[in-house]
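Welcome! Take a moment to look over the sequence and the model, and then we will walk through some of its features together.

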Amino acid sequence: MASLRPDISVVVPLLNEAESLPELTQWISRVMNANNFKYEVILVDDGSTDESWEVIEKLNIDNPYIKGVRFSRNYGKSAALNHGFHNAKGEVVITMDADLQDSPDEIPELYDMIKNQGYDLVSGWKKKRFDPISKTIPTKLFNGVTSSISGIKLHDFNCGLKAYKYQVIKNVEIYGEMHRYIPVIAKRNGFGKIGEKVVQHQARKYGTTKFGLERFLYGFLDLLSITFVTKFKKRPMHFFGSLGTLSFIFGFFTTFYLLADKIYSLSMGIKGRDVVNNTWFYLALVAIIIGVQLFLAGFIGEILTMNSHNKSDYIVLDKVGDIA
């Protein structure tokens with residue numbers, strides 16, 4: 001059975017790309033055959049409303065190495081990639097977009113970097129882009145912020161052309177807009193050898209882009225989620241409990257100081273204002289209440305963590321090939 005395992009799995013998420021699919025799959029097959037790779041291509045139709053699924057079914061008949069799965073509606077790129085990763089069997093997994101802006105000619109070198117140079121993950125870098133300035137400037141800002149927060153020195157986190165070691169894609173779970181942060185998730189899971197390769201970026205040949213500027217806002221929020229979740233998801237008490245304890249201690253000792261000061265003033269015959277008329281008393285009271293609430297949030301988080309069961313929430317409508 002080991003000999004039947006593909007060298008490479010190519011996972012392609014797509015939405016309304018019927019025109020580009022025949023050319024893309026022919027290009028991939030040509031590269032694979034030229035390099036004597038055993039391969040599979042997994043096309044994940046993320047709720048297309050054009051003829052994409054009909055094209056995928058025909059491609060599977062013509063070439064059994066091309067497989068497909070069809071979602072009942074559009075769930076997003078992360079869900080499509082996650083399902084593709086679940087089904088991928090290759091020693092090296094390559095992801096690319098379906099719009100022909102990623103070149104399959106990059107596959108042999110990406111494969112070599114994973115297989116022979118020991119990288120866990122290699123991300124493409126579209127150094128020279130054919131996108132309008134309204135897209136390139138936000139992209140550079142987004143990449144700079146992500147690199148600074150994550151500590152991973154990549155120029156292009158959002159490049160769809162990436163290569164992964166098999167073990168990496170089997171140990172990452174992505175959802176929302178988190179496909180941009182797979183390098184961050186991989187690093188948090190212990191796969192720290194992450195490389196970068198300058199890749200060719202081609203002008204879009206068919207159709208229009210499926211992403212708007214809102215992706216940068218959603219992406220930034222997801223980056224904050226990943227930074228928090230990957231660090232504290234198995235120990236929420238460490239985060240909430242620490243903040244709660246600090247808040248409670250501040251409130252408690254402030255209240256203690258105010259009461260001690262009042263008692264001292266009374267013992268010395270000094271008439272001072274009542275504790276309840278002091279602004280610091282109410283700040284201390286709020287700090288104590290918040291501290292207790294944060295501690296309880298951490299406790300509840302620990303219970304949920306111990307009893308949680310992850311599951312995918314997307315519906316597969318149809319499939320071709322040996323797709324689970």
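How many helices and how many strands does the protein have? There are ten helices and eight strands. Keep in mind as you read that this is a predicted model. Of the 324 residues in the protein, 47% are buried. Among contacts with a separation of 6 or more, 83% are between residues 24 or more positions apart.

**Strands side by side**

- Let's begin with strand S2, which covers residues 39–45 and is mostly covered, since seven of its seven residues are buried.
- Tyr39, Val41, Leu43 and Asp45 point one way from S2, while Glu40, Ile42 and Val44 point the other way, and all of them are buried.
- S2 pairs with strand S1 (residues 8–14) in the parallel sense, over seven bridges.
- One place to find this pairing in the model is isoleucine 8, whose bridge partner in S2 is tyrosine 39.
- Strand S6 has antiparallel pairings: S4 pairs with S6 over four bridges, and S5 pairs with S6 over three bridges.
- To locate these pairings, look for threonine 95, which stands opposite lysine 162 in S6, and for leucine 121, which stands opposite tyrosine 164 in S6.

**An enclosed space**

- Rolling a probe the size of a water molecule over the atoms shows where empty space is left.
- How many cavities of 30 Å³ or more are counted here? The count comes to one, and the largest cavity holds about 80 Å³ of space.
- Its lining is made up of Lys77, Leu81, Thr95, Phe157, Asn158, Cys159, Gly160, Lys162, Tyr164, His179, Arg180 and Ile182.
- Sorted by class, that lining has five nonpolar, four polar and three charged residues.
- Helix H3 (77–87) and strand S6 (162–165) each supply at least two of the lining residues.
- You have already met some of these names: Thr95, Lys162 and Tyr164 are among the lining residues, and threonine 95 and lysine 162 are the residues that stand opposite each other in the pairing with S6.

**Charged partners**

- Side chains of opposite charge can pair when their charged atoms come close.
- How many salt bridges are counted in this model? The count is eight, and a few of them are described below.
- Aspartate 62 and lysine 58 form a salt bridge, with N and O 3.2 Å apart.
- Both aspartate 62 and lysine 58 lie in helix H2 (residues 52–62), four residues apart, which is about one turn of the helix.
- Are these partners buried or exposed? Aspartate 62 has a relative accessible area of 53% and lysine 58 one of 54%; because the cut-off for exposed is over 50%, aspartate 62 counts as exposed, and lysine 58 does too.
- Lysine 126 and aspartate 102 form another salt bridge, their closest N and O atoms being 3.2 Å apart.
- Lysine 126 lies in the loop between strand S5 (121–125) and helix H5 (133–150), and aspartate 102 lies in the loop between strand S4 (92–95) and helix H4 (107–115), so this pair ties together parts that are 24 residues apart in sequence.
- Lysine 126 and aspartate 102 are both buried.
- Aspartate 120 and lysine 165 also meet in a salt bridge, at 3.0 Å from N to O.
- Aspartate 120 sits in the loop between H4 and S5 and lysine 165 in strand S6, so the pair ties together parts that are 45 residues apart in sequence.
- Aspartate 120 is buried, with a relative accessible area of 10%, whereas lysine 165 is partly exposed at 25%.
- Glu106, Glu109 and Lys197 are joined into one network by salt bridges that share partners.

**Two single residues to look up**

- Asparagine 60 is in helix H2, and its 18% relative accessibility makes it buried.
- Leaving aside residues up to four places away in sequence, asparagine 60 touches Ile66, Lys67, Val320 and Gly321.
- Phenylalanine 256 is in helix H9 (residues 236–267) and is exposed, with a relative accessible area of 52%.
- Phenylalanine 256 and alanine 284 are 28 residues apart in sequence, and their C-alpha atoms are 9.6 Å apart in space.

Note on methods. Residues are numbered from 1 along each chain as its sequence is written. This is a predicted model: local features need pLDDT of at least 70, side-chain atom pairs count only at pLDDT 80 or more; totals for chains, interfaces and linings use all residues. Side-chain values use heavy atoms; hydrogens and water are left out. On a 1 Å grid over the protein atoms alone, a cavity is a set of points where a 1.4 Å probe fits but cannot get out, and a pocket is an open set with protein on both sides within 12 Å along at least five of seven lines; lining residues have an atom within 4 Å of a point. Grid points are joined across faces, edges and corners, and a volume is the space filled by probe spheres set on the points. Ala, Val, Leu, Ile, Met, Phe, Trp, Tyr, Cys and Pro count as nonpolar, Asp, Glu, Lys and Arg as charged, and the others, Gly among them, as polar. A salt bridge is a side-chain nitrogen of Lys or Arg within 4 Å of a carboxyl oxygen of Asp or Glu. Buried means under 20% relative accessible area, exposed over 50%, partly exposed in between (1.4 Å probe, protein chains only). Two strands pair if DSSP finds at least two bridges between them. Contact means heavy atoms within 4.5 Å.
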